[in-house]
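Let's take a walk through a protein model together. Have the picture open beside you, and follow along at your own pace.

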Amino acid sequence: MRPLSVTILAWVYIATGIVGFVYHFNEARTRGFQPEDVWIELVEVLVIVCGAYLLRGQNWARWLGLAWIASHVVLSAFHGFREFAIHCVFCAVIAWILFRPEAGRYFRGARRETT
């Protein structure tokens, strides 16, 4: 059975991806599309896919979810300290949700069902 915390996190990832996609698409459309806009939109789609596969219990999705927030930690290090600190806290909470024993059993169980 899927832990409630993983379910909530997966839906947060899906919602974040959708909101980010729409926001960045409208922003790019307003100022004119740049080559980097394609990469930003692809990352937003990747977050949506990550959330969907977290709901399905795919182990690679939890690593992708952690990599996504870790990339935000690295990028925010070049901005203000407050932004960096908030991303660090988010990263720690997400890592705790995805890698505690209950979640580990859920992701291992989904892997056994597919083999």
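**A walk through the helices and pockets**

Let's begin with the pockets. The model you are looking at is predicted. In its largest pocket, the residues of the lining fall into three classes: 5 are nonpolar, 8 are polar and 2 are charged. How do we find such empty space in the first place? A probe the size of a water molecule is rolled over the atoms, and this shows where empty space is left. Here the largest pocket holds about 360 Å³ of space. Its lining is made up of 15 residues, and His-24, Ile-40, Glu-44, His-72 and Leu-75 are the ones nearest its centre. Try to find these in your viewer, then look at the helices around them. Two or more lining residues come from each of α1 (4-31), α2 (35-55), α3 (59-76) and α4 (81-99). Which of these gives the most to the lining of the largest pocket? The answer is α3, with 5 residues.

Now move on to the second largest pocket, which has a volume of about 190 Å³. There are 13 residues in its lining, and Leu-9, Val-12, Tyr-13, Phe-90 and Ile-94 lie nearest its centre. At least two lining residues come from each of α1, α3 and α4, and α1 gives the most, with 6 residues. What classes of residue make up the lining of the second largest pocket? It has 10 nonpolar and 3 polar residues, with no charged residues. Set that beside the largest pocket, where the lining has 5 nonpolar, 8 polar and 2 charged residues.

Let's step back and view the whole chain. The protein has 5 helices and 0 strands, so please read its pattern along the sequence as α-α-α-α-α. Its C-alpha atoms fill a box of roughly 45 × 30 × 20 Å along the principal axes. Of its 115 residues, 36% count as buried. Another way to picture the fold is to ask who touches whom. Among contacts with a separation of 6 or more, 66% are between residues 24 or more positions apart.

Next, follow α1 from end to end. How far apart are its end C-alpha atoms? They are 40 Å apart, and this agrees with expectation because 28 residues at 1.5 Å a residue should span 40 Å. Several residues of α1 are buried, including Ser-5, Val-6, Leu-9, Tyr-13, Gly-17 and Ala-28. You have already met Leu-9 and Tyr-13, which are among the residues nearest the centre of the second largest pocket. Just after α1 comes Gly-32, with a positive phi of about 100°.

The helix α2 can be checked in the same spirit. It has 21 residues and reaches 32 Å from its first C-alpha to its last, close to the 30 Å expected at 1.5 Å a residue. Its buried residues include Asp-37, Glu-41, Glu-44, Leu-54 and Leu-55. Glu-44 may look familiar, as one of the residues nearest the centre of the largest pocket. Just after α2, Gly-57 takes a positive phi of about 80°.

Charged side chains can pair up, and the count here comes to 2 salt bridges. In one of them, Arg-31 is joined to Asp-37, with the closest N and O atoms 2.8 Å apart. Are these partners buried or exposed? Arg-31 counts as partly exposed because its relative accessibility is 44%, while Asp-37 counts as buried because its value is 5%. The other salt bridge brings together the side chains of Glu-102 and Arg-100, at 3.5 Å from N to O. Glu-102 has a relative accessible area of 37%, so it is partly exposed. Arg-100, at 18%, is buried because buried means under 20%.

Our last stop is Tyr-106, which sits in helix α5 (residues 101-114). Its relative accessible area is 12%, so Tyr-106 is buried. Which residues does Tyr-106 touch, leaving out those up to four places away in sequence? They are Met-1, Arg-2, Pro-3, Val-6, Leu-54, Leu-55, Arg-56 and Gly-57. Look at Arg-56 in particular: it is 50 residues from Tyr-106 in sequence, and the two are 9.7 Å apart in space, C-alpha to C-alpha. Two other names on that list are also familiar, as Leu-54 and Leu-55 are among the buried residues of α2.

Definitions and conventions: Residues are numbered from 1 along each chain as its sequence is written. This is a predicted model: local features need pLDDT of at least 70, side-chain atom pairs count only at pLDDT 80 or more; totals for chains, interfaces and linings use all residues. Side-chain values use heavy atoms; hydrogens and water are left out. On a 1 Å grid over the protein atoms alone, a cavity is a set of points where a 1.4 Å probe fits but cannot get out, and a pocket is an open set with protein on both sides within 12 Å along at least five of seven lines; lining residues have an atom within 4 Å of a point. Grid points are joined across faces, edges and corners, and a volume is the space filled by probe spheres set on the points. Helices (H or I, at least four residues) and strands (E, at least two) are DSSP runs, numbered from the N terminus. Ala, Val, Leu, Ile, Met, Phe, Trp, Tyr, Cys and Pro count as nonpolar, Asp, Glu, Lys and Arg as charged, and the others, Gly among them, as polar. The expected span of a helix is 1.5 Å times one less than its number of residues. Buried means under 20% relative accessible area, exposed over 50%, partly exposed in between (1.4 Å probe, protein chains only). Contact means heavy atoms within 4.5 Å. A salt bridge is a side-chain nitrogen of Lys or Arg within 4 Å of a carboxyl oxygen of Asp or Glu.
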